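User: Could you take a close look at one part of this structure for me? I'd like to start from a salt bridge near the end of the chain and see how its surroundings fit together.

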Amino acid sequence: MPEDHFDEPVAETYDEYSGEMFQPEVVDPVVDFLAQLAGDGAALELGIGTGRIALPLSARGVPVHGIDLSDAMVAKLRAKPGGADIPVAMGDFATTTVDGEFSLAYLVFNTISNLTTQDEQVACFENVAAHLEPGGCFVIEIELPNLQRLPHGERFVVFHVGDTHVGVDEYDVATQGLVSHHLQRAPDGSYGRSSGPFRYVWPSELDLMARIAGMRLRERWAGWKREPFTSESTKHVSVWEKPQS
Ligand SMILES: C[S@@+](CC[C@H](N)C(=O)[O-])C[C@H]1O[C@@H](n2cnc3c(N)ncnc32)[C@H](O)[C@@H]1O
């Protein structure tokens, strides 16, 4: 089982510190996009967390199931209205199985990168494919590696400077390793430091993982409103499809 980087202290402040990601202008396009793909079927969220997307998607009438390894994050989901009604399997989403077939599986907010090896990321695609019905779709939302901002020989890229938060990414280009370092100001004015490991991954590599798992790329956008994906894009929303036969 991978290490849990979303334990009690993180879960306690997750919704507050990710506040922008909970705003209707961010959430609504995600839910529109996913509800359309789910159609009359059910959806499986890998890394369901505190239910930022699962709850509004469920409120749209899509039956949502989840997988997560953090008891603390899922406890926050459970405490929200409707949260106790969403079935969640506890475990690693690269390997954990749930009953049922799904028209949609999704993994948002860069969470595929929480799997820190290529083998684990491939296993995740294979696990998803095993849960999808024929014609079902797998959606990933992830930022592009910020390597155009990394001069040769350097390791650090500042990705956010705000009143209460400073974020610095540390790259290891030899291993596609990425450690995100955060300095966060607490309500009492003190600063806490945390660091979390990721594996950055390119769109083409994700396409290959999908192919290994028997899926093929159906759509790739720069955002949830289907903005065109170009060489200037900083993130992508990609959809792979399990063939009908
Ligand atoms: C950045 S949060 C995203 C939560 C939610 N999807 C959202 O958009 O707000 C990542 C979530 O994925 C979970 N997670 C990370 N790696 C995991 C793994 N290998 N297996 C299961 N859950 C994992 C964490 O516990 C956390 O709840």
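Analyst: Happy to. Arg 220 is a good place to begin: its relative accessibility is 18%, so Arg 220 counts as buried, the cut-off being under 20%. Please keep in mind that this is a predicted model.

The partner of Arg 220 is Asp 207, and the closest N and O atoms of this salt bridge are 2.7 Å apart. Asp 207 sits in helix α6 and Arg 220 in strand β10 (residues 216-221), so the pair links distant parts of the chain, 13 residues apart. Unlike its buried partner, Asp 207 is partly exposed, with a relative accessibility of 23%. In general, side chains of opposite charge can pair when their charged atoms come close.

Strand β10 also holds Arg 218, which lies opposite Glu 241 of strand β11 (residues 235-241) in a pair that ties together parts 23 residues apart in sequence. Their side chains meet in a salt bridge of 3.2 Å, N to O. Here Arg 218 is the partly exposed member, at 40% relative accessible area, whereas Glu 241 is buried at 17%. This pair belongs to a wider network, in which salt bridges with shared partners join Arg 218, Glu 219, Arg 226 and Glu 241. The count of salt bridges comes to 10.

Another of these bridges joins Glu 205 and Arg 199, at 2.8 Å from N to O. Both Glu 205 and Arg 199 are buried.

Now to the nonpolar side of the picture. Leu 206 is one of the residues that touch the most other members of the largest nonpolar core, a set of 29 residues; Leu 46, Ile 112, Phe 125, Phe 138, Ile 140 and Met 215 share that role. The elements giving two or more residues to this core are β1 (43-46), β4 (102-107), α5 (118-131), β5 (132-143) and α6 (203-212). Among these, α5 gives the most, with 5 residues. Beyond its neighbours within four places in sequence, Leu 206 is in contact with Ile 112, Phe 125, Ile 140, Ile 142, Val 201, His 236 and Trp 240. A second, separate core has 28 residues, including Phe 33, Ala 38, Ile 48 and Val 88.

Strand β5 also carries a charged residue, Glu 141. Glu 141 is buried, with a relative accessible area of 6%. Its side chain reaches the backbone nitrogen of Phe 109 at 2.8 Å and makes a polar contact with the side chain of Lys 235 at 2.5 Å. Leaving out residues up to four places away in sequence, Glu 141 touches Arg 52, Leu 107, Val 108, Phe 109, Asn 110, Trp 224, Lys 235, His 236 and Val 237.

Arg 52 in that list leads on to the ligand: an N or O atom of the Arg 52 side chain is 2.9 Å from a ligand oxygen. On the nitrogen side of the ligand, an N or O atom in the side chain of Glu 45 comes to 2.7 Å from a nitrogen atom, and a backbone N or O atom of Gly 47 also lies 2.7 Å from a ligand nitrogen. The protein buries 96% of the 590 Å² that the ligand exposes when taken alone. Of the 20 residues around the ligand, those that come nearest are Tyr 14, Glu 45, Gly 47, Asp 68 and Phe 93.

How values were computed
Residues numbered from 1 in each chain as written. Predicted model: local features only at pLDDT ≥ 70, side-chain atom pairs only at ≥ 80, totals over all residues. Heavy atoms only, no water. Core = buried A, V, L, I, M, F, W, Y, C linked by side-chain atoms within 4.5 Å. Buried < 20%, exposed > 50% of the residue type's maximum accessible area, 1.4 Å probe, protein only. Helix = DSSP H or I, 4+ residues; strand = E, 2+ residues; numbered from the N terminus. Contact = heavy atoms within 4.5 Å. Salt bridge = Lys/Arg side-chain N within 4 Å of Asp/Glu carboxyl O. Near = heavy atom within 4 Å. Polar contact = N/O pair within 3.5 Å; in protein donor to acceptor, adjacent residues only side chain to side chain. Areas by Shrake-Rupley, 256 points an atom, 1.4 Å probe, with all protein chains shown as cover.
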